[in-house]
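Let's take a walk through this one together, starting at a metal site and working outwards. Keep the viewer open as you read.

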Amino acid sequence: MTPQKIIIDTDPGIDDAMAIFFALNSPELELIGLTTIFGNGFTDLTTTNALRLLEIAERPDIPVAVGAAQPVADRFDEPGSVVHGDDGQGNVHLPPPTAKPVDQNAAAFIIEQVMRAPREVTLVPIGPLTNIALALHLEPRIATAVREVVIMGGNALVPGNITPAAEANIFHDPEAADTVFGTSWPVTMVGLDVTQKTVMSSEQLGKLAQSTTATAQHLSAIIPFYQDFTLKANKFHGIYLHDPTTLAYLVAKDAFQTLQRPVRVETQGFSRGKTWIANDQTNKWSTAWQNRPPVNVCIGVNGPQISDLILERLM
Ligand code: BDR
Ligand code: CA
């Protein structure tokens with residue numbers, strides 16, 4: 001089996017760290033680069049964290065490309081410190097990394113990698129979609145050259161998490177998200193409909209804490225911060241596996257139920273960032289969804305199967 005080449009576009013982030021380690025521990029996947037974005041921190045911090053995580057995993061050879069500092073049409077000024085810590089890694093304050101990012105920016109890196117290996121590279125954005133929209137703008141041919149785009153973001157049939165309407169990644173750059181969902185390319189939306197059904201229990205977290213690998217020990221040091229937030233905000237003792245579920249989709253697609261529907265992203269008012277899927281495939285209800293390509297929208301998942309898989313790969 002030839003592993004699937006992936007680029008993770010990421011804002012590490014506690015669950016981003018889980019996703020990156022999941023990818024590195026999965027023989028089905030070959031991580032060819034990380035591109036960074038704001039979200040759980042400003043982009044300089046998330047870039048430092050991406051480098052730090054690769055060093056913990058003893059993979060400093062994997063390139064890291066620095067992404068956009070701001071959304072395409074708005075200002076970003078509120079990082080997710082309350083969920084992920086001031087350092088984006090549960091306030092464990094890691095030493096500075098030794099490695100440096102590559103000279104190319106994230107959009108240029110994505111374009112070069114996708115165009116160099118047509119239909120081989122899958123993009124896995126697990127933060128706001130700014131870099132992906134910029135790459136599409138600079139080189140529209142990536143839409144036909146990419147293998148797949150698998151996005152953590154959005155909420156089709158469930159409420160949001162950062163506002164009642166919106167999921168955090170989409171909320172931080174709705175204009176970019178509407179471009180990405182409006183492009184004709186093979187996009188899968190792994191949103192809150194499935195990531196909030198995929199939970200790691202405190203019992204599973206206890207098992208993870210028993211692992212002696214450097215990556216599992218780092219996760220066990222940072223996850224308690226996220227667990228405390230989840231207990232206060234969502235009133236349960238485990239954690240949601242947003243970003244690792246998105247990587248798990250690539251290796252266990254059969255565990256997910258999907259609908260093929262055009263997606264629009266609200267960019268105005270108090271519903272800013274809400275992902276609206278069309279009622280059906282005919283799009284007869286509104287011009288807003290007409291002439292938009294279908295997106296593969298995840299609406300159901302075997303949560304226990306996926307959380308077991310994630311735990312196994314992170315041990
Ligand atoms: C998303 O927002 C971030 O806090 C997480 O890393 C995840 O990508 C969940 O809404
Ligand atoms: Ca993330």
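**Starting at the calcium**

In this predicted model, the calcium ion (ligand 2) takes its protein donors from D11 (OD), D16 (OD), D16 (OD), I126 (O) and D243 (OD), at 2.3 to 2.6 Å. Note that D16 turns up twice in that list with OD atoms, while I126 contributes through O. Read along the chain, the donors are spaced as D-x4-D-x109-I-x116-D. So how many residues apart are D11 and D243? The answer is 232, and the pair links distant parts of the chain. D11 sits in the loop between β1 (4-10) and α1 (14-24), whereas D243 belongs to helix α12 (residues 242-251).

Are these two aspartates buried or exposed? D11 has a relative accessible area of 1%, so it is buried, given that the cut-off is under 20%. D243 is buried as well, because its relative accessible area is 2%.

Stay in the loop between β1 and α1 for a moment, where G13 is found. The peptide bond leading from P12 into G13 is cis, with omega near -10 degrees. That deserves a second look, because most peptide bonds are trans.

**Along α1 to its partner**

Now follow α1 to where it packs against helix α11 (residues 214-234). Their axes are 9 Å apart and the angle is about 155 degrees. Angles over 145 degrees count as roughly antiparallel, so that is how α1 and α11 run relative to each other. As for handedness, the crossing of α1 with α11 is left-handed.

Which residues make the contact? From α1 come I14, D15, A17, M18 and F21. On the α11 side you'll find T215, H218, L219, I222, I223, F225 and Y226. Sort the residues of this contact by type and you get nine nonpolar, two polar and one charged.

**Two unusual phi angles**

Last stop: the loop between α3 (81-84) and α4 (106-116), which holds N91. H93 is in the loop between α3 and α4 too. What is the phi of N91? It is positive, about 60 degrees, although N91 is not a glycine. H93, also a residue other than glycine, has a positive phi near 45 degrees. These values catch the eye because most residues other than glycine have a negative phi.

Accessibility is worth checking here as well. N91 is partly exposed, with a relative accessible area of 32%. H93 reaches 54%, so it counts as exposed, the cut-off being over 50%.

Technical notes: Residues numbered from 1 in each chain as written. Chains lettered and ligands numbered in written order. Predicted model: local features only at pLDDT ≥ 70, side-chain atom pairs only at ≥ 80, totals over all residues. Heavy atoms only, no water. Donors = N, O, S within 2.8 Å, 3.2 Å for Na, K, Ca; no water. Helix = DSSP H or I, 4+ residues; strand = E, 2+ residues; numbered from the N terminus. Buried < 20%, exposed > 50% of the residue type's maximum accessible area, 1.4 Å probe, protein only. Axes fitted to C-alpha atoms, helices over the stretch in contact; angles between N-to-C directions. Parallel < 35°, antiparallel > 145°, perpendicular 65-115°, else oblique. Left-handed = near helix turned anticlockwise from the far one by under 90°. Contact = heavy atoms within 4.5 Å. Nonpolar A, V, L, I, M, F, W, Y, C, P; charged D, E, K, R; others polar.
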